[in-house]
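Hello,

Please find the structure we spoke about below. My notes on it come after.

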Amino acid sequence: MLQLGAILHSRGFSITVAHTRFNFPNTSNHPDFSFFPLSDGITSPTLFYDDFISFLSLLNATSEAPLRESLLQMAQNQGGQDGKLPCIIYDGLMYFVADVAQSLKLPCIILRTSCAANLLTYDAFPRLRNEGYLPAQDSTSLGFVPGLHPLRFKDLPANSFNLDSLLWFMATVSDTRSSLAIIWNTMDSLERSSLIKIHMQSEVPFFPIGPMHKIVPASSSSLLEEDNNCIPWLDKQAAKTVIYISLGSIAIIDKNELTEMTWGLVNSSQQFLWVIRPGSIQGSSWTELLPDGFREAVGERGCIVKWAPQRKVLAHPAVGGFLSHCGWNSTLENISEGVPMICRPRYGDQRVIARNVTHVWRVGLELGNKLERGEIQQAVQNLMVDKGGEEMRQRVMDLKEKIKLSIAKGGSSYKSLNELVELIASC
């Protein structure tokens, strides 16, 4: 959302961000924006990790009144004809905004922050339940999901959540309600078939303008402080020799998984840059639980940081692979730089994205459900030094070039962005 705000600001729009107190962004990174903090009643992030759908439902319920008050205040301060605001753009997960906008007679547009393929799974869930496929008797089944090839039942986001809650949530999020349009952080060159299917079902126009991080003026939208000290270390490494490991800003692993990851990296004999986020290891504030002998075994061929400037890292010539949780932002950043992947998805859309990485775009490998040092060692070596890894690298470089064309003048994302700007200006 911050990236989109920066893009639209560069096109002449003024930007005001209404955001929950939870995960509130660093306003100093966005001096051209105005910010309205929304009181959300969230005193602990525990529910965020324990029950994501209940957390989002709570956030939607508690944020409605503060947003309404903020919009009324903004309208009064702005003045003008009827004191109206031109347009509201909201994250599709914050579905309460549609009701607020409609009650205030304000035009609104949805931003979809995940891939188009993930929304197709949402749309398919009621059908799959009616046909008796859900709830799946075996959530780890390798059988293909009817109508969603090449997804397997184990790839569906339902495996992480209560089915009834998930079906309600998916139906609510999928509803375009009174929105004028949908913005997608994706592109025709990457998700053409999924976008065609959505276009056939959609009642409103949509604009795939991604990848937004390649369009946005240079600035950081990270919610965590980035450690740039890893860049000088990367500068000392040969081209395409470093495997970069980051499992995102949410995932937590236990001591055993840490140990297996550690020795898998050591035994791979490859250089690595590893992000270990403080608090991401159960029972540890940072790296205290790294096994004895690890640092001696690694020496200078490993670098560990709390949080990396990921876009800089992936663009660095020394980086030849990315072991990722397959969040959509990370995947777009990765493919845009032509780096093949090792996929370690945990929940939600990550499994859908990982399946697309490995079996649609064929630019990565997937680890098993349980981290095991031998599998990690083999995957790293396959990606970094074997022929199969080189073939994946060539395919992802081809995608990188297609993405460049999509955001260049005359490309599909370029045209969609211009059309979006025209729509907003006409509101």
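The notes cover the sheet, the cores and the aromatic pairs.

This is a predicted model, in which local features need pLDDT of at least 70, side-chain atom pairs count only at pLDDT 80 or more, and totals for chains, interfaces and linings use all residues. Residues are numbered from 1 along each chain as its sequence is written, and side-chain values use heavy atoms, with hydrogens and water left out.

An open, parallel sheet is formed by 4 strands in the order S3-S4-S5-S6. Strands are DSSP runs of E, at least two residues, and helices are runs of H or I, at least four, both numbered from the N terminus; two strands pair if DSSP finds at least two bridges between them. S3 (88-91) and S6 (206-208) are the edges, each with a single partner strand, so one side of each has no neighbour in the sheet. S3 pairs with S4 (residues 108-112) over 4 bridges, and Ile88 is opposite Cys108 in S4.

The largest nonpolar core (buried Ala, Val, Leu, Ile, Met, Phe, Trp, Tyr and Cys joined through side-chain atoms within 4.5 Å; buried means under 20% relative accessible area, 1.4 Å probe, protein chains only) has 68 residues. Helix H5 (residues 116-130) gives the largest share, 8 residues.

There are 11 aromatic pairs in the whole structure, with ring centres within 6.5 Å and edge-to-face meaning planes over 60 degrees apart. Phe272 and Trp274 pair edge-to-face, 6.4 Å centre to centre with 70° between the planes. Trp274 also pairs edge-to-face with Phe294, at 6.4 Å and 85°.

Regards

Technical notes: Buried < 20%, exposed > 50% of the residue type's maximum accessible area, 1.4 Å probe, protein only. Phe/Tyr/Trp six-rings, centres within 6.5 Å; stacked < 30°, edge-to-face > 60°.
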